[in-house]
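Trainee: Can we go through this structure together, one question at a time?

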Amino acid sequence: MTDISTRQHRPADPAHPADAPGPAGPAGTPGPADTPAARRRGLPPWTLLVAGAVLGGVLGGAYGVEKPPTYTATSYVIAVPTEKSDPASALGFAQAYGRVATQLAVLGNAQARAGVPVRTLQRSVQTATSPDAPMVAVSATSSRPGLAAAMANAVSRSLTEHANATRTRTHVELLQFSRAMRPTAPSSPSPKVTALVGASAGGLLGGLVLLVRPRRDRDFARTASVPNPATAADAHGQL
């Protein structure tokens, strides 16, 4: 019995590696240096930012290359008061005409001139008005520059006809101020712009992951910590 007790409490001999506790912990348990949290801490934190920016830039550039360019053409119409009206009334009617320009009553007459169905006009045509000038801007977007100009001119002409049909009651006349010209450059963002946007979004996402990751590492270290070899030996000696 004495020999067995002596062998159980014999201190570890440095000359015998089997007696010394190794870095892997007792019973083959991974030590702190082998945990997933320790391996993740081996990489610098800024690598997440770089990886996110590079990945976002590649995806954004690919999107800009694959998506076909779009063109936008704009025509302008202006509301002019008659002798029985004033500029304030013309400004108010210009705001109203800007809202009805994309309605079926106007687009239905414009589809024949533009050569496209009403659904295409509803999807491609937009209007804008100014609070200071009695003017309406009619813009059309298409993958073909000539079609974009044709749709903008067709809608603006249909709008003037629709408005002038009631000018005896409104005392405001709508005239075409400027025709839409064939655009020479696309209005859609270039691949360089989409790549920059993608890189910014990827870098932001990497930063958010970087802010969340240290908290998870601390939680993992707190729940999966291995006892210190010296503390374990003291506890064993007290038995």
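What follows is a set of short questions and answers on this predicted model.

Trainee: Which residues of helix H5 are buried?

Mentor: Helix H5 covers residues 104–114. Leu-104 and Ala-112 are exposed, so look on the other side of H5; the buried ones cover an arc of only 85 degrees around the axis, which puts them on the same side. They are Val-106, Leu-107, Ala-110 and Ala-114.

Trainee: Which helices do the buried residues of H5 pack against?

Mentor: Start from the buried residues, including Val-106 and Leu-107. Their packing partners are three stretches: 87–100, 118–124 and 145–164. These are helices H4, H6 and H7.

Trainee: Which residue just after H5 takes a positive phi?

Mentor: H5 runs over residues 104–114. Look just after it for a phi of about 80 degrees. The residue is Gly-115.

Trainee: Which element gives the largest share of the largest nonpolar core?

Mentor: This core has 30 residues, and those with the most contacts inside it are Leu-121, Met-151, Val-155, Leu-159 and Leu-174. Strands S1 (71–81), S3 (135–142) and S4 (172–178) are among the elements that give two or more residues, and so are H4, H5, H6 and H7. The largest share is nine residues, and it comes from H7.

Trainee: Which residues of H5 does Val-155 touch?

Mentor: Val-155 is one of the core residues with the most contacts inside the core. Leaving out residues up to four places away in sequence, it touches Ala-101, Leu-121, Val-125 and Val-138, among others. From the buried residues of H5, the ones on its contact list are Val-106, Leu-107 and Ala-110.

Trainee: Is Thr-160 buried or exposed?

Mentor: Thr-160 is found in helix H7. The cut-off for buried is under 20% relative accessible area. Thr-160 has 10% relative accessibility, so it counts as buried.

Trainee: Which backbone oxygen does the side chain of Thr-160 reach?

Mentor: Thr-160 touches Val-77, Leu-174, Leu-175 and Gln-176, but that list leaves out residues up to four places away in sequence. For the backbone oxygen, look for a distance of 2.6 Å from the side chain. The oxygen belongs to Arg-157.

Trainee: What is the bridge partner of Thr-129 in S3?

Mentor: Strand S2 covers residues 125–129, and it pairs with S3 in the antiparallel sense over five bridges. The two strands form a hairpin with five residues between them. In S3, the partner of Thr-129 is Val-136.

Technical notes. Residues numbered from 1 in each chain as written. Predicted model: local features only at pLDDT ≥ 70, side-chain atom pairs only at ≥ 80, totals over all residues. Heavy atoms only, no water. Buried < 20%, exposed > 50% of the residue type's maximum accessible area, 1.4 Å probe, protein only. Helix = DSSP H or I, 4+ residues; strand = E, 2+ residues; numbered from the N terminus. Arc of directions from axis to C-beta. Contact = heavy atoms within 4.5 Å. Polar contact = N/O pair within 3.5 Å; in protein donor to acceptor, adjacent residues only side chain to side chain. Core = buried A, V, L, I, M, F, W, Y, C linked by side-chain atoms within 4.5 Å. Pairing = 2+ DSSP bridges.
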